[in-house]
Amino acid sequence: MKGGTKSPIQAVWSWVRRQPPKVKAFLAVVSGMAALLVPCVVLAVLIHPSTSHNILNRISWALCVYLEAVSVLPQLRVMQNTKIVEPFTAHYVFALGVARFLSCAHWVLQVVDTRGRLLVALGYGLWPSMVLISEIVQTFILADFCYYYVKSVFGGQLVLRLPSGVV
């Protein structure tokens, strides 16, 4: 590099290193969110409904579906790092897991009940399959936590303790 000029990446990295710990923690959270958001945006642009609505509306709908599938990952990561989950948080995430399971079961049963006509009603291409895959992904993300929650409740533990590597 000539005359001490920095590349944009070096300039940003230099700026981040000079920030106080709270700002660094915030930036870490934002970068983690970007790691979830960017793939969802790309997927929404590539695979979205084929309805007659405005393209922006269709991409927004797809983005919501994809983000909903992975939205609980940051909370599960925090619980994984602390290894101890307070009762209210555990009850909430378990209820969320049950709701996701019921929603997933609803979608699958609707497809079976309509003999696949529901998939045609959602549009054509990859979109109908991606809706179902998103539901299944979110259900499986929460299934592991729900297993340890039920195990903890039947074991009479008030506070949920997660083994390492869970969620």
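**Entry 1: ground rules**

A helix here is a DSSP run of H or I with at least four residues, and helices are numbered from the N terminus. That is how I read labels such as α2 and α4 below. I'm working on a predicted model.

**Entry 2: the largest pocket**

I looked up the largest pocket, and its volume comes out at about 180 Å³. Which helices each supply at least two residues of its lining? They are α2 and α4, the latter running over 73-82. I noted that α2 gives the largest share of the lining, with five residues.

I then wrote down who lines the pocket: A28, V29, G32, M33, L36, P74, R77, V78 and N81. By type, I get six nonpolar residues, two polar and one charged.

**Entry 3: a nonpolar patch on the surface**

Next I went looking for nonpolar surface. A patch of about 500 Å² is made by L37, V38, V41, V42, V45 and L46. I picked V45 for a closer look and found it in helix α2, which covers residues 21-46. Is V45 buried or partly exposed? It has a relative accessible area of 45%, so I log V45 as partly exposed. Patch members need over 30% relative accessible area, and V45 at 45% fits that.

**Entry 4: salt bridges**

How many salt bridges does a search of the whole structure find? I got two. One joins R100 to E68, with the closest N and O atoms 3.3 Å apart. This pair ties together distant parts of the chain: R100 is in helix α5 (residues 87-113), E68 is in helix α3 (residues 55-70), and 32 residues separate them.

In the other bridge, the side chains of R100 and E135 meet at 2.7 Å, N to O. Again distant parts of the chain are linked, with R100 in helix α5 and E135 in helix α7 (residues 127-154), 35 residues apart.

R100 takes part in both contacts, and I have E68, R100 and E135 down as a network of salt bridges.

**Entry 5: how covered is the network?**

I checked accessibility for each member, keeping in mind that buried means under 20% relative accessible area. R100 has 9%, so it is buried. E135 also counts as buried because its relative accessibility is 9%. What about E68, at 36% relative accessibility? That value makes E68 partly exposed. My summary: E68 is partly exposed, whereas R100 and E135 are buried.

**Entry 6: two aromatic residues in α7**

I stayed in helix α7 for the last lookups. W127 lies in this helix and is buried, with a relative accessible area of 1%. Where does P49 sit relative to W127? The two are 78 residues apart in sequence, yet their C-alpha atoms are 5.6 Å apart in space.

F145 is found in α7 too. Its relative accessibility is 0%, so I count F145 as buried. For F145 and K83 I noted a separation of 62 residues in sequence and 12 Å in space, C-alpha to C-alpha.

**Entry 7: recap**

Helix α2 keeps turning up in my notes: it supplies five lining residues of the largest pocket, and V45 of the nonpolar patch is in it. Helix α7 does too, since I found E135, W127 and F145 there.

Methods. Residues are numbered from 1 along each chain as its sequence is written. This is a predicted model: local features need pLDDT of at least 70, side-chain atom pairs count only at pLDDT 80 or more; totals for chains, interfaces and linings use all residues. Side-chain values use heavy atoms; hydrogens and water are left out. Patches are made of residues with over 30% relative accessible area and no salt bridge: like charges are joined within 9 Å, nonpolar side chains (Val, Leu, Ile, Met, Phe, Trp, Tyr) within 5 Å. Accessible areas come from the Shrake-Rupley method with a 1.4 Å probe; for residues, only the protein chains shown count as cover. A salt bridge is a side-chain nitrogen of Lys or Arg within 4 Å of a carboxyl oxygen of Asp or Glu. Buried means under 20% relative accessible area, exposed over 50%, partly exposed in between (1.4 Å probe, protein chains only). On a 1 Å grid over the protein atoms alone, a cavity is a set of points where a 1.4 Å probe fits but cannot get out, and a pocket is an open set with protein on both sides within 12 Å along at least five of seven lines; lining residues have an atom within 4 Å of a point. Grid points are joined across faces, edges and corners, and a volume is the space filled by probe spheres set on the points. Ala, Val, Leu, Ile, Met, Phe, Trp, Tyr, Cys and Pro count as nonpolar, Asp, Glu, Lys and Arg as charged, and the others, Gly among them, as polar.
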